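The following paragraphs lead through one structure, beginning with a single helix and ending with the chain as a whole. Please keep the sequence and the coordinates at hand while reading.

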Amino acid sequence: MPIIVEAVSDLKDALIRNQIERLYETSPEFGDGQDALDQLDTALKQDTLLYTAIFNDKIIGAIWCKGLGPTKILEYVVIHPANRGRGVSDRLISEVCRLEEEKGAQSFKPGCGAIHRSLSRLEKL
């Protein structure tokens, strides 16, 4: 499944905001989608970028990339339930690493076990 990975630096676009809220409704790491948006709004104003995985013009996955220096923390990965088990997470994380390395990132730290496994498979730990 070909996906497009895009960086999002703010949630001003209502369509993106709505899709991100619905996506994070499925994440156990937040109370609900609005809780995720509230925390993401704050994080985006500091040192975080949101990377999205897009398929057929819909956001099917997302991950937060935090940090201003050469080390980036990847956290809060979420994949739409209909797309889980298809390698979307690994593809998203791989592309985020590539894009961040182009900007000078030298290392990545996982924010959870799933990201750790993916970074390990990609030999990024």
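Helix α1 spans residues 14-24, and its buried residues are Q19, I20, L23 and Y24. Buried here means under 20% relative accessible area, exposed means over 50%, and partly exposed lies in between (1.4 Å probe, protein chains only). Helices (H or I, at least four residues) and strands (E, at least two) are DSSP runs, numbered from the N terminus. The four buried residues lie on the same side of α1, because they cover an arc of only 125° around the axis; the arc is that of the directions from the helix axis to the C-beta atoms.

The model is predicted: local features need pLDDT of at least 70, side-chain atom pairs count only at pLDDT 80 or more, and totals for chains, interfaces and linings use all residues. Residues are numbered from 1 along each chain as its sequence is written, and side-chain values use heavy atoms, with hydrogens and water left out.

The buried residues of α1 pack against helix α2 (33-44) and against the strands β2 (48-55), β3 (58-66) and β4 (71-79), where contact means heavy atoms within 4.5 Å. On the face turned away from this buried side, α1 carries the exposed residues A14, L15 and R22. For A14, the relative accessible area is 61%. The N-terminal end of α1 is capped by D13, which has a side-chain oxygen 2.9 Å from the backbone nitrogen of L15.

How is α1 connected to α2 through charged side chains? R17 and D41 meet in a salt bridge (2.9 Å, N to O), a term that denotes a side-chain nitrogen of Lys or Arg within 4 Å of a carboxyl oxygen of Asp or Glu. R17 lies in helix α1 and D41 in helix α2, so the pair ties together parts that are 24 residues apart in sequence. R17 counts as partly exposed at 24% relative accessibility, and D41 is partly exposed with a relative accessible area of 21%.

The structure holds seven salt bridges, and further examples involve helix α3. The side chains of E95 and R98 meet at 2.5 Å, N to O; being three residues apart in helix α3 (residues 88-102), these two are separated by about one helical turn. R98 also forms a salt bridge with E102 (2.5 Å, N to O). R98 and E102 are four residues apart in α3, about one turn of the helix. In general, an α-helix has 3.6 residues a turn, so residues three or four places apart point the same way. E95 is partly exposed at 24%, R98 is partly exposed at 37%, and E102 is exposed, with a relative accessible area of 59%. In addition, a network of salt bridges links K72, E100 and K103.

Finally, the chain as a whole may be considered. Its four helices and five strands follow the pattern β-α-α-β-β-β-α-β-α along the sequence. The radius of gyration is 13 Å, close to the 14 Å that the globule rule gives for 125 residues, so the chain is as compact as a globular protein of that length. This radius is taken over C-alpha atoms, and the rule is 2.2 Å times the number of residues to the power 0.38. Of the 125 residues, 38% count as buried. Among contacts between residues at least 6 apart in sequence, 58% join residues at least 24 apart.

Technical notes. A polar contact is a pair of N or O atoms within 3.5 Å; within protein, one must be able to donate a hydrogen and the other to accept it, and residues adjacent in sequence count only if both atoms are side-chain atoms.
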